Amino acid sequence: MATMESLIGLVNRIQRACTALGDHGGGDQAFASLWDALPSVAVVGGQSSGKSSVLESIVGRDFLPRGSGIVTRRPLVLQLQKIEDGQQEYAEFGHMPRRRFTDFALVRKEIQDETDRITGKTKQISPIPIHLSIYSPNVVNLTLIDLPGLTKVAVEGQPDSIVEDIENMVNSYVAKPNCIILAISPANQDIATSDAIKLAREVDPSGERTFGVLTKLDLMDKGTNALDVLEGRSYRLQHPWVGIVNRSQADINKSVDMISARRKEREYFASSADYGHLSSKMGSEYLAKLLSRHLESVIRARIPSITSLINKSIDELESELDHLGRPIAVDAGAQLYTILELCRAFDKIFKEHLDGGRPGGDRIYGVFDNQLPAALRKLPFDRHLSMQNVKKIVSEADGYQPHLIAPEQGYRRLIEGSLNYFRGPAEASVDAVHFVLKELVRKSIGECQELKRFPTLQTTIAGAANESLEKFREESKKTVIRLVDMESSYLTVDFFRKLPQEVEKAVGNPGGNNPRDKNSRENSAAPAANNIDRYAEGHFRRIGSNVSSYVHMVSETLKNSVPKAVVYCQVKEAKQNLLNYFYTQIGKREGKQLSELLDEDPALMERRQQCAKRLELYKKARDEVDSVSWAR
């Protein structure tokens, strides 16, 4: 069967581990839940009720600050751990985990200094706890929380809200269902006015979690006693009341040690006419054992829920560690392998964006289907092929000698000038796709969970990818400009061969009649009239219309060929060769340079270290809980 020491010692070890990792009252929800699931004892009482003396009696050491008014200004989480007889007792603070205190006068000073560090040398309070562990052969395994004394009025140097602030702080501890309330009341005051009992009744109306302690029994008026309270007639609790006789101020001034004080306490109850029949159930030693036994029963009842919480937390921590990634090897070959694996993970996500597995690649199609056609429609052909501009260009192309039949040089100049406008939309398509690809690189790096550990490698991969995209863009621009230039360098002959035939038909048969008809003589003057039309508005308007039709044909061609060139030069290359140059360069780097690339974000390193520590704690706690469960 598991011993009381093993059960309570288990809880103490888990609580100390939580404290060492800074999770009591901290931000880790799982650890806060674990702390709350572990039972502890909160010491509650009014100022000057004797709380500190009770704690020192249980510990058997004089170690708490003393004084008038409010002395305890921060919660003190006191974890007692029993060690073997003959071993030197010592204390450790949670904020100074590597220093052992064997002089308990220094413990008192450190409590005062640590309190002042947060609250200043004032009478202010703070909810931030001080964690103190005491290892001694003279204690039982127990966790006690000393809370600021309840008060009714604010004194000088305290805010008006001090009464409410203290009550809220105390309530934050005693309201938890796993908290055992040690309600301290002085015997020389009416129990009906006890601040501790009043607060305990509010959070524990059934009295299941409350232990009543009466102090200062030796200071009651002669002829009076506290039997009505101690025997449960004045105020009944489910657990027995315990009377305590603390050291007197004279004993404290004479530096009477706690061992002697305990002996005097036993003698007081044994020889008391009023309390002699209760002497076996009175005193600080009995109180400590009573609390320890109760803690044992509470812990036994809580073991299934504690085990469930621990197992759940282990699963969550292992999942988080997998998400954060395991520590990096120091071997250069292993580091290179890790970098290449991370690059492949990024490249996979990038391709998924392009291929439709993730959003974003569709924006490239949007460039071809919307942006490019819209840009082509907005080109200023109406202005370039206006009758005035056509007449000007054709006339300039003719020079001093006008054209005879068709103004071929004028046609060519008009067409070449029009086709030059296609350069802008073609280059804009390249730039738009380049922007989409750069954005997909940025998104892919952000979505690659494995890369989040390594900000330096993230930056390096992004730089290498963008450098490759710039090369692809330059090649793509050259290609689409070639497509435009090819259209200018060789015009489609079949389109223009039709134009002279139409002119000839118009010249030879302007009225649409057969020249061999009997009325042909009547139309003999038509060619002369048509020659005059070649220099009139209708003639230039027809030239502009012909050029516009040809330009439209070329526009339709480029609307199909430019996307093909862009996809071939940019998108396809990005899918196949985005990091090729980076791969060739990374293979030439030495171990130190590889380590620099795998220099993790300090916050992630700290988080992984904390998770690893927590995981180790939880696994140890699970093993200990299991061993205790089997021994039950």
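A residue counts as buried under 20% relative accessible area, as exposed over 50%, and as partly exposed in between. The model on screen is a predicted one, and the tour below starts from a single histidine.

**Stop 1: H95**

Select H95, whose relative accessibility is 33%, so the residue falls in the partly exposed class. H95 sits in the loop that connects β3 (90–93) with β4 (96–101). Next, display the surroundings of H95: beyond neighbours within four places in sequence, the residues in contact are E110, E114 and I130. Between the side chains of H95 and E110 there is a polar contact of 2.9 Å. For E114, a C-alpha to C-alpha distance of 9.0 Å from H95 goes with a separation of 19 residues in sequence.

**Stop 2: strand β3**

Now select β3 and colour its residues by side. Y90 and E92 lie on one side, A91 and F93 on the other, and all are buried, which leaves both faces of β3 covered. Which strands should be shown beside β3? One is β5 (residues 130–136), antiparallel to β3 and paired with it over four bridges; here E92 stands opposite S133. Another is β4, also antiparallel to β3, with two bridges between them; here F93 stands opposite M96. The connection from β3 to β4 is a hairpin of two residues.

**Stop 3: salt bridges**

The model contains 33 salt bridges. Begin with R108 and D62, whose side chains form a salt bridge with an N to O distance of 3.1 Å. This pair connects distant parts of the chain, 46 residues apart: R108 belongs to helix α4 (residues 104–119), and D62 to the loop between α3 (51–59) and β2 (76–82). R108 has 26% relative accessibility and is therefore partly exposed; D62, at 23%, is also classed as partly exposed.

Move on to E285 and R266, a salt bridge in which the closest N and O atoms are 2.5 Å apart. Because E285 is in helix α10 (residues 284–324) and R266 in helix α9 (residues 258–271), the bridge ties together parts 19 residues apart in sequence. E285 is partly exposed at 28% relative accessibility, and R266 is partly exposed at 45%.

Stay on helix α10 and select E320 with R607. Their closest N and O atoms are 2.7 Å apart, in a salt bridge. Since R607 lies in helix α23 (residues 602–631) and E320 in helix α10, this pair ties together parts 287 residues apart in sequence. Partly exposed status applies to E320 at 23% relative accessibility and to R607 at 30%. To finish this stop, select E56, D62, R108 and R247 together: salt bridges with shared partners join them into one network.

**Stop 4: the nonpolar cores**

Select I339, F422, L457, I461, L578, L579 and F582, the residues with the most contacts inside the largest nonpolar core, which has 68 residues. Which helix supplies the largest share of this core? Helix α20 (residues 537–577) does, with 12 residues.

Centre the view on I339. Setting aside residues up to four places away in sequence, I339 touches L457, F582, I586, L594, L597 and L598. Apart from this core lies another, of 39 residues; for a last selection, take L147, I166, L230 and F269, which are among them.

How values were computed
Residues numbered from 1 in each chain as written. Predicted model: local features only at pLDDT ≥ 70, side-chain atom pairs only at ≥ 80, totals over all residues. Heavy atoms only, no water. Core = buried A, V, L, I, M, F, W, Y, C linked by side-chain atoms within 4.5 Å. Buried < 20%, exposed > 50% of the residue type's maximum accessible area, 1.4 Å probe, protein only. Contact = heavy atoms within 4.5 Å. Polar contact = N/O pair within 3.5 Å; in protein donor to acceptor, adjacent residues only side chain to side chain. Salt bridge = Lys/Arg side-chain N within 4 Å of Asp/Glu carboxyl O. Pairing = 2+ DSSP bridges.
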